[in-house]
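User: Could you take a close look at the largest cavity in this structure, and then set it beside other parts of the protein? Please say which residues line it and where they come from.

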Amino acid sequence: SLKKLVIKNFKDRPKLSENYTEDTWLKLRGAVNAIQNSTSIKYNLEELYQAVENLCSYKVSPTLYKQLRQVCEDHVQAQIYLFREYPFTIIAKKIYPLTVLSFFQKRTVDGILEQIERERNGETVDRSLLRSLLGMLSDLQVYKEAFEEKFLNETNRLYAAEGQRLMQERDVPEYLHHVARRLEEENDRIVSYLDQSTQKPLISCVEKQLLGEHMTAVLHKGLSTLLDENRVTELALLYQLFSKVKGGLPILLQFWREYIKSFGSEIVCTPEKDKDMVQELLDFKDKMDNVAHNCFAHNEGFINAMKEAFETFINKRPNKPAELIAKYVDSKLRAGNKEATEEELERILDKIMIIFRFIHGKDVFEAFYKKDLAKRLLVGKSASVDAEKSMLSKLKHECGAAFTSKLEGMFKDMELSKDIMIQFKQNQSDPSNIELTVNILTMGYWPSYTPMEVHLPTEVHDKH
């Protein structure tokens, strides 16, 4: 037979007394305050635990949590305020002597400085601990007065000594890389544990002691070597570092200008180098252009200083560079030159024009160029009419139409003579086996030649 199961309603949960929540909170707050102030708790801990459990079972826990959190926050804020107001005292039920906290603070700062020095010497330290300690000093608003000033003094002392020592021991490329590494390390310390406000004075201190105090020594000792050996990586680093220091770029610019004048003067003023002077000038200009653009960040001041230096040294020996540039152009435009394609020849001519701009004796160049051009045209030894006209166009653009008018007249004479010879041969009634070429030249266009007596072959003499 089936049995009937009857479920009766649970008894209603008793309600809390009217003041239970408020009275319980007062007990709890009193207990928390006692813990915070290191005094004895008046109530039994089991009783307090049961009271909290009762409140939570009646869904009062959110309110209880907020009240407890507020009490804790108020206590922490009060302690910070008191410590800030009296930074060298401990406030509890009695105020300890000034020297007590001063001693602990000094020990803490000295310990931090010792750890930083060890890290600078290559040892591994606990950065999270340093971050916590320095963060505490910042929160208490004593970071600058208690730590930063002493830290910057120690940094200044360290790098002043290090700069003096390493400038004696290391060559310039190695020293520059060391400075860059030191700056990177100090910036990393800012990110890792130092206060952000320390960045500017710290980096300025490092730059001053490792760079600012040694700029002239660095340039005297190493700039010429870096440029001679084309150390583009170190030259770029040199520019980057000097740009950070007040007065760095002006002194670098001065040394750069003097180097170009000195090196270029040796090329121009050494007669033994005349044979290769123009090629060396072109190579030197390419090298300095590369440094200015790729190492010195296209700085207009450095580019203008380079142009000024080239113009100065290239005119220390009047007329000779102009003559040799004309001869160099002749060697490139003469038939039989297999060194370059038309495109390469065009680039060479463009580079020659850059050097040509620096010379003052352009009339000397014009005289030698006209003489060589005449030979190429009259003897038919020009490698390319297009290349000849391209060079003429460049000269016209650089110096004006008056400079090239006679040179252009020479080309017109050659074209006219060619047309006349074609007509002459077409109108010959009795063609001969004699190959005859005559050029009709305008006296004012062509170089002057010493008059000479012409002895015609017998066959020609008999014909005429």
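Analyst: What follows begins with the cavity and then turns to a helix pair and a histidine in a loop.

The model is a predicted one, and the values below are computed from it. As a setting for the cavity, the protein has 19 helices and 0 strands, and buried residues make up 36% of its 464 residues. Among the contacts with a separation of 6 or more, 72% are accounted for by residues that stand 24 or more positions apart.

Within this helical setting, the structure holds 1 cavity of 30 Å³ or more, and the volume of the largest cavity is about 30 Å³. Its lining is formed by Thr21, Trp25, Leu55, Val60, Thr63, Leu64 and Gln67. Two helices, α1 (20-36) and α3 (61-85), each supply at least two residues of that lining, and the largest share, 3 residues, comes from α3. Sorted by class, the lining residues divide into 4 nonpolar and 3 polar, with no charged residue among them.

The second part concerns the packing of two helices. In general, a pair of packed helices is described by the angle between the axes and by the distance between them. For helix α10 (residues 232-242) and helix α11 (residues 248-268), the axes come within 8 Å and cross at roughly 140°. Because angles over 145 degrees count as roughly antiparallel and 65 to 115 as roughly perpendicular, the crossing makes α10 oblique to α11. On the α10 side the contact is made by Leu238, Tyr239 and Phe242, and on the α11 side by Gly248, Leu249, Ile251 and Leu252. By class, this contact of α10 with α11 has 6 nonpolar residues, 1 polar residue and no charged residues. The absence of charged residues is thus recorded both for the lining of the largest cavity and for the contact of α10 with α11.

The last part is a single residue in a loop. Histidine 360 lies between α15 (342-358) and α16 (362-379), in the loop that separates these helices. Its relative accessibility is 55%, and because exposed means over 50%, histidine 360 counts as exposed. Although exposed, histidine 360 touches Glu311 and Asn315, when residues up to four places away in sequence are not counted. Histidine 360 and isoleucine 314 are 46 residues apart in sequence, and their C-alpha atoms are 8.9 Å apart in space.

Note on methods:
Residues are numbered from 1 along each chain as its sequence is written. This is a predicted model: local features need pLDDT of at least 70, side-chain atom pairs count only at pLDDT 80 or more; totals for chains, interfaces and linings use all residues. Side-chain values use heavy atoms; hydrogens and water are left out. On a 1 Å grid over the protein atoms alone, a cavity is a set of points where a 1.4 Å probe fits but cannot get out, and a pocket is an open set with protein on both sides within 12 Å along at least five of seven lines; lining residues have an atom within 4 Å of a point. Grid points are joined across faces, edges and corners, and a volume is the space filled by probe spheres set on the points. Helices (H or I, at least four residues) and strands (E, at least two) are DSSP runs, numbered from the N terminus. Ala, Val, Leu, Ile, Met, Phe, Trp, Tyr, Cys and Pro count as nonpolar, Asp, Glu, Lys and Arg as charged, and the others, Gly among them, as polar. Axes are lines fitted to C-alpha atoms, for helices over the stretch in contact, and angles run from 0 to 180 degrees between N-to-C directions. Angles under 35 degrees count as roughly parallel, over 145 as roughly antiparallel, 65 to 115 as roughly perpendicular and the rest as oblique. Contact means heavy atoms within 4.5 Å. Buried means under 20% relative accessible area, exposed over 50%, partly exposed in between (1.4 Å probe, protein chains only).
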